[in-house]
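Me: I have a structure open and would like to go through it with you. Could you take my questions as they come?

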Amino acid sequence: MTAKQLHRIPSEAMLGGVSAGLADYFGIDKVFVRLFFVLMLILPTSVPIVIIYFVLWIVMPKGERYFQAHPDQRHH
């Protein structure tokens, strides 16, 4: 069994796939992660969210969504 790794998911991307990758890794809906990034962008904070997003985009490898179903289970 392989360990779950953090990666971005370009096939589900609106921009770079970072939000989809973070959502998949933490097991939450990607809409919540996207809302978090948008809120951090519009709120007057000292967090440089645009820089953080682009750094994640650069350092996160490309990948695909992890599947929750066991490989031996077959759908009919």
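What follows is a short chat about the fold, a helix contact, a surface patch and a salt bridge.

Me: Before anything else, what kind of model is this?

Reply: This is a predicted model, and the values I quote are computed from it.

Me: OK, how many helices and strands are there in the protein chain?

Reply: The protein chain has three helices and zero strands, and read along the sequence it follows the pattern α-α-α.

Me: And how much of the chain counts as buried?

Reply: Of its 76 residues, 26% count as buried. The accessible surface of the protein chain is about 6,000 Å², and 67% of that belongs to carbon and sulfur atoms.

Me: At what angle do helix 2 and helix 3 pack?

Reply: Helix 2, which covers residues 30–42, packs against helix 3, residues 49–59, at an angle of about 145°, and their axes are 9 Å apart. On the helix 2 side the contact is made by Phe36, Phe37, Met40 and Leu41, while helix 3 brings Ile49, Val50, Tyr53 and Leu56.

Me: How do the residues of that contact divide into nonpolar, polar and charged?

Reply: Eight are nonpolar, with no polar and no charged residues in the contact of helix 2 with helix 3.

Me: Switching to the outside, which residues make the nonpolar surface patch?

Reply: The patch, of about 910 Å², is made by Met14, Leu15, Val38, Leu39, Leu41, Ile42, Leu43, Val50 and Phe54. Helix 2 and helix 3 are the elements that give two or more residues to this patch, and the largest share, four residues, comes from helix 2.

Me: Take Val38 from that list; where is it found, and why does it count as partly exposed?

Reply: Val38 is found in helix 2, and it counts as partly exposed because its relative accessibility is 45%, which falls between the cut-offs of 20% for buried and 50% for exposed.

Me: Now charges: how many salt bridges does a search of the whole structure find?

Reply: The search finds one salt bridge, in which the side chains of Glu12 and Lys30 meet at 2.9 Å, N to O. Glu12 lies in the segment before helix 1 (18–26) and Lys30 lies in helix 2, so the pair ties together parts that are 18 residues apart in sequence.

Me: How accessible are Glu12 and Lys30?

Reply: Glu12 counts as partly exposed because its relative accessibility is 22%, and Lys30 also counts as partly exposed, at 24%.

How values were computed:
Residues are numbered from 1 along each chain as its sequence is written. This is a predicted model: local features need pLDDT of at least 70, side-chain atom pairs count only at pLDDT 80 or more; totals for chains, interfaces and linings use all residues. Side-chain values use heavy atoms; hydrogens and water are left out. Axes are lines fitted to C-alpha atoms, for helices over the stretch in contact, and angles run from 0 to 180 degrees between N-to-C directions. Contact means heavy atoms within 4.5 Å. Ala, Val, Leu, Ile, Met, Phe, Trp, Tyr, Cys and Pro count as nonpolar, Asp, Glu, Lys and Arg as charged, and the others, Gly among them, as polar. Patches are made of residues with over 30% relative accessible area and no salt bridge: like charges are joined within 9 Å, nonpolar side chains (Val, Leu, Ile, Met, Phe, Trp, Tyr) within 5 Å. Accessible areas come from the Shrake-Rupley method with a 1.4 Å probe; for residues, only the protein chains shown count as cover. A salt bridge is a side-chain nitrogen of Lys or Arg within 4 Å of a carboxyl oxygen of Asp or Glu. Buried means under 20% relative accessible area, exposed over 50%, partly exposed in between (1.4 Å probe, protein chains only).
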